[in-house]
Amino acid sequence: MGDTYVLLQYGADAFDARFTDLEGRAAFTASHTPNLVLKLAREAAWAQHHPGVMGPDAAYFYFGPSAPSYTSVYAPGTPAPSPGYVVYGNNRHSIPMAALRRRTREGSASRYFTAQSGREYKWRVGTQRMELADGRTLLATWEPAAPALVGEPDARVTLRGPALAVVTEVLATLVLNRVGGALGWV
């Protein structure tokens, strides 16, 4: 199957987390500003350590206007941001968040996205695990850790070798699916 890479997620908040490899190198950081622009930045030192890494070095999430939400992690009726759009790197083209987590069947928990390369990927979203597949090939998994002690990771992302070519898009759609779940987006 090729090489496997593990990233440890620190921070359970979908809007604010950092990902490191098993050697402790920072790989990605997801952080938001008060105006709800979330930036997912790939760390250059980590990317240079893995020659298969390709694609943009960052993703910017621009959220839509807030509206009352009755299914988000906030209190019922509390305004929560609506889906907006994502921009990769310094690209001028924006991609609607709905296009990066679309469903093909009503009631399905699976979410699909088309990478900038034109290839389609599928996140199988479960209650305790997410899996990313390219057809029948499993490319990535996300699993929360057992209740963490201070300093322990909150989740684990396992990437298979082919995922490195689109790693920023993989992490961006992972974060987007977690944000969408936290905010109660359908």
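The following questions and answers cover the core, one helix and the strand pairing of a predicted model.

Local features need pLDDT of at least 70 and side-chain atom pairs count only at pLDDT 80 or more, while totals for chains, interfaces and linings use all residues. Residues are numbered from 1 along each chain as its sequence is written, and side-chain values use heavy atoms, with hydrogens and water left out.

Q: Which helix gives the largest share of the largest nonpolar core?
A: A nonpolar core is a set of buried Ala, Val, Leu, Ile, Met, Phe, Trp, Tyr and Cys residues joined through side-chain atoms within 4.5 Å; buried means under 20% relative accessible area, exposed over 50%, partly exposed in between (1.4 Å probe, protein chains only). The largest such core has 47 residues, and those touching the most other members include Trp46 and Leu171. Nine residues, the largest share, come from helix H2 (residues 167-183).

Q: Why is H2 described as largely enclosed by the rest of the structure?
A: Helices (H or I, at least four residues) and strands (E, at least two) are DSSP runs, numbered from the N terminus. H2 is largely enclosed because, of its 17 residues, the number buried is 16.

Q: What are the end C-alpha atoms of H2 apart?
A: The expected span is 1.5 Å times one less than the number of residues. For the 17 residues of H2 this gives 24 Å, which agrees with the distance between its end C-alpha atoms, 24 Å.

Q: Which residue in E8 is the bridge partner of Tyr60?
A: Two strands pair if DSSP finds at least two bridges between them. E5 (residues 58-62) is joined to E8 (residues 85-88) by four bridges, and the two run antiparallel. In E8, the partner of Tyr60 is Val87.
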